[in-house]
Amino acid sequence: MTLDSQLMHVLACPIDKGELHLLEDEGFLYNPRLRRRYNIRDGIAIMLIDESEEVSAAEHERITVRIAAGESRVTGR
């Protein structure tokens with residue numbers, strides 16, 4: 001699953017309008033500031049606030065370790 005590079009350039013969190021991190025192998029975009037996950041289904045990012053998920057502290061830690069290791073792509077760039 002890969003999101004289009006033009007889409008990656010304009011995608012932002014619908015809550016705080018900040019950048020998101022794409023974890024392609026897990027199929028979601030992540031906002032570490034709000035601990036919110038936006039799933040990707042059939043190649044389409046589901047950016048509805050009501051369908052996003054708040055992750056647990058342990059899940060947030062796991063994801064941020066991956067982000068720090070350079071395992072994500074960042075939107076807005």
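**Exercise 1. A glutamate and its partner**

Is glutamate 24 buried, partly exposed or exposed? Work it out, then find the residue that glutamate 24 pairs with.

*Solution.*
Step 1. This is a predicted model. Glutamate 24 has a relative accessible area of 27%. Buried means under 20%, and exposed means over 50%. Glutamate 24 is therefore partly exposed.

Step 2. Look for a partner of opposite charge. Side chains of opposite charge can pair when their charged atoms come close. The side chain of glutamate 24 meets that of arginine 73 in a salt bridge, at 3.3 Å from N to O.

Step 3. Place the two residues. Arginine 73 lies in strand β6 (residues 73-74), and glutamate 24 lies in the loop between β1 and β2. They are 49 residues apart in sequence, so the pair ties together distinct parts of the chain.

Step 4. Check the partner. Arginine 73 has a relative accessibility of 29%, so arginine 73 counts as partly exposed.

**Exercise 2. Salt bridges of glutamate 26**

Find two arginines that form salt bridges with glutamate 26, and compare their burial.

*Solution.*
Step 1. Start with arginine 62. Its salt bridge with glutamate 26 has the closest N and O atoms 2.7 Å apart. This pair links distant parts of the chain, with arginine 62 in helix α2 and glutamate 26 in the loop between β1 and β2, 36 residues apart.

Step 2. Go on to arginine 66. Its side chain also meets that of glutamate 26 in a salt bridge, at 2.4 Å from N to O. Again distant parts are linked: arginine 66 is in helix α2, 40 residues from glutamate 26 in the β1-β2 loop.

Step 3. Assign burial. Arginine 62, at 32% relative accessible area, is partly exposed. Arginine 66, at 14%, is buried. Glutamate 26 is partly exposed, at 31%.

Step 4. Widen the view. Glu26, Arg62 and Arg66 belong to a network of salt bridges whose members also include Asp25, Arg37, Glu53, Glu59 and Glu71. The structure holds 11 salt bridges.

**Exercise 3. The two sides of helix α2**

Test the length of helix α2 (residues 57-68), then work out where its buried residues lie.

*Solution.*
Step 1. Helix α2 has 12 residues. The expected span is 1.5 Å times one less than the number of residues. That gives 16 Å, and the end C-alpha atoms are 16 Å apart, which agrees.

Step 2. List the buried residues. In α2 they are Glu59, His60, Ile63, Arg66 and Ile67.

Step 3. Look down the helix axis. The buried residues of α2 fall within an arc of 125 degrees, so they line one face. The general rule helps here. An α-helix has 3.6 residues a turn, so residues three or four places apart point the same way.

Step 4. Examine both sides. The buried residues pack against β1 (21-23), β2 and β3. On the other side of α2, Ala58 and Ala68 are exposed.

Step 5. Look past the helix. Glycine 70 follows α2, with a positive phi near 80 degrees.

**Exercise 4. Isoleucine 67 up close**

Which residues does isoleucine 67 contact, leaving aside its neighbours within four places in sequence?

*Solution.*
Step 1. Locate the residue. Isoleucine 67 is found in helix α2. Its relative accessible area is 17%, so isoleucine 67 is buried.

Step 2. Name the contacts. With those neighbours left aside, they are His21, Tyr30 and Ser72.

Step 3. Add a backbone distance. The C-alpha atoms of isoleucine 67 and leucine 22 are separated by 9.1 Å, with their positions 45 residues apart along the chain.

**Exercise 5. Loops and surface**

Find two residues other than glycine with a positive phi, then identify a nonpolar surface patch.

*Solution.*
Step 1. Take lysine 17. Its phi is positive, about 65 degrees, although lysine 17 is not a glycine. Lysine 17 sits in the loop between α1 (5-10) and β1. Its relative accessible area is 61%, so lysine 17 is exposed.

Step 2. Take aspartate 42. Its phi is positive too, near 50 degrees. Aspartate 42 is in the loop between β3 and β4 (44-45). At 80% relative accessibility, aspartate 42 counts as exposed.

Step 3. Turn to the patch. Ile15, Leu34 and Ile49 make a nonpolar surface patch of about 220 Å². Leucine 34 lies in the loop between β2 (28-31) and β3 (36-41). Leucine 34 is partly exposed, at 31%.

Conventions
Residues are numbered from 1 along each chain as its sequence is written. This is a predicted model: local features need pLDDT of at least 70, side-chain atom pairs count only at pLDDT 80 or more; totals for chains, interfaces and linings use all residues. Side-chain values use heavy atoms; hydrogens and water are left out. Patches are made of residues with over 30% relative accessible area and no salt bridge: like charges are joined within 9 Å, nonpolar side chains (Val, Leu, Ile, Met, Phe, Trp, Tyr) within 5 Å. Accessible areas come from the Shrake-Rupley method with a 1.4 Å probe; for residues, only the protein chains shown count as cover. A salt bridge is a side-chain nitrogen of Lys or Arg within 4 Å of a carboxyl oxygen of Asp or Glu. Helices (H or I, at least four residues) and strands (E, at least two) are DSSP runs, numbered from the N terminus. Buried means under 20% relative accessible area, exposed over 50%, partly exposed in between (1.4 Å probe, protein chains only). The arc is that of the directions from the helix axis to the C-beta atoms. Contact means heavy atoms within 4.5 Å.
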